[in-house]
Amino acid sequence: MLPAVIWVLVFTIFPLFYSLGLSFYNIVLGMPPQFVGFKNFIGAFDDYKVAHATLVTLIFIAVAIPVELVLGMALALLFNQDIPGRKYFRTILTMPLFFTPVAIGLLGLTIFYEEGGPINSLLGLLGIKIPWLSHPTWAMVAVLLAEIWQWTPFVFLIFLASLQGLPEEIYESALLDSSSWWQIFRWITLPMLQPVIIITLLLRLIEAVKIFDIAYTLTAGGPGIATEVYSLFIYRTGMKFFNLGYASSLAYLLLIGMMIVVTFFFKRMREIYE
């Protein structure tokens with residue numbers, strides 16, 4: 001067990017407590033560290049940039065996750081049927097999972113390129129040109145589309161595996177009482193998939209809160225700070241402006257917030273199983 005203990009101490013415990021110590025200091029490059037206590041944490045609640053980054057992240061979560069869950073469920077229900085070429089389509093659908101987020105962002109630069117990009121080239125035939133990366137709203141849409149395209153297959157695979165594990169006897173009995181697919185889905189499939197849906201929602205929530213790569217490579221948080229998510233703001237605060245103490249406090253506020261959310265979800269899971 002010694003190698004595992006050393007690994008945890010070096011790569012988990014030490015960085016965790018070291019960054020916690022930094023959060024209580026005003027550490028700026030070229031200046032001696034100054035102990036400020038909880039000033040960094042308190043100041044974060046009065047910083048309009050923190051509020052903006054939090055709002056952008058919440059908008060991103062509120063749009064991306066529901067769309068991914070709905071699309072993933074729809075695709076899982078579709079491919080749970082016996083349709084021709086099912087295995088080939090499933091392979092194609094899961095391809096985005098094999099790309100890194102940085103690659104997705106760089107691919108998005110090509111796809112959403114405003115002058116001669118494939119999307120605007122097609123829309124140009126209709127006399128339409130969308131400023132994908134130069135308009136705040138459309139830049140957010142571009143980041144959302146890239147994120148949804150990458151992570152919908154993840155949700156699809158989880159839901160498909162869960163659907164294939166449901167007992168067929170229940171559906172055979174349900175077909176004797178009702179021929180409505182919506183009633184069967186609403187009163188049988190959905191309740192049985194509730195634990196899986198909650199776990200999938202939790203996994204996607206944790207991942208969406210940490211979004212950095214796609215926003216950084218696709219828009220760099222721009223135009224301006226229109227797509228500057230919380231993780232990107234922490235990165236700029238610490239690595240670009242070298243305000244390490246403030247960046248550490250922002251990271252810990254995110255950690256505390258996620259711990260509260262995760263605790264709530266696990267409490268809900270216990271209630272379901274009980």
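**Aromatic pairs and nonpolar cores**

In this predicted model, the count of aromatic pairs comes to 17. A convenient place to start is the pair formed by Y25 and F35: the ring centres lie 5.4 Å apart and the planes meet at 75°, so the pair is edge-to-face, the cut-off for that class being over 60 degrees. Y25 belongs to strand β1 (residues 25-26) and F35 to strand β2 (residues 34-35), so this contact ties together parts that are ten residues apart in sequence. As for solvent, Y25 has a relative accessibility of 32% and therefore counts as partly exposed, whereas F35, with a relative accessible area of 56%, is exposed.

A second pair, W182 with F185, has another geometry. Its rings are tilted, with 5.9 Å centre to centre and 35° between the planes. Both W182 and F185 sit in helix α9 (residues 181-192), where three residues, about one turn of the helix, separate them. Is each partner buried or partly exposed? W182 counts as partly exposed at 48% relative accessibility, while F185, at 12%, counts as buried because the limit is under 20%. Two further aromatic arrangements deserve a mention. F24, F38 and F41 are linked into a cluster by ring pairs, and R186 lies over the face of W187, 4.3 Å from the ring centre.

Attention now turns to the nonpolar interior. The largest nonpolar core holds 41 residues, and F60, L205 and L218 touch the most other members. Two or more residues of this core come from each of the elements α3, α7 (136-164), α10 (194-209), α11 (213-218) and α13 (244-273). Helix α7 supplies the largest share, eleven residues. Apart from this core lies another one, of nine residues, which includes Y230, I234, Y246 and L250. The surroundings of L205 can be spelled out residue by residue: leaving aside residues up to four places away in sequence, L205 touches I61, I65, M258, V261 and F265.

Finally, a word on confidence. The protein chain has an average pLDDT of 89, and 98% of the residues score at least 70. Among its elements, helix α3 (residues 48-79) has the highest mean pLDDT, 94, and helix α8 (residues 168-177) the lowest, 79. Helix α3, with that highest mean, is also one of the elements that give two or more residues to the largest core. As a general reminder, predicted coordinates should not be read in detail where pLDDT is low.

How values were computed:
Residues are numbered from 1 along each chain as its sequence is written. This is a predicted model: local features need pLDDT of at least 70, side-chain atom pairs count only at pLDDT 80 or more; totals for chains, interfaces and linings use all residues. Side-chain values use heavy atoms; hydrogens and water are left out. pLDDT is the predictor's confidence in each residue, from 0 to 100. Helices (H or I, at least four residues) and strands (E, at least two) are DSSP runs, numbered from the N terminus. A nonpolar core is a set of buried Ala, Val, Leu, Ile, Met, Phe, Trp, Tyr and Cys residues joined through side-chain atoms within 4.5 Å. Buried means under 20% relative accessible area, exposed over 50%, partly exposed in between (1.4 Å probe, protein chains only). Contact means heavy atoms within 4.5 Å. Rings of Phe, Tyr and Trp (its six-membered ring) pair if their centres lie within 6.5 Å; planes under 30 degrees apart count as stacked, over 60 as edge-to-face and the rest as tilted. A charge sits over a ring if NZ of Lys or CZ of Arg is within 6 Å of the ring centre and within 35 degrees of the ring normal.
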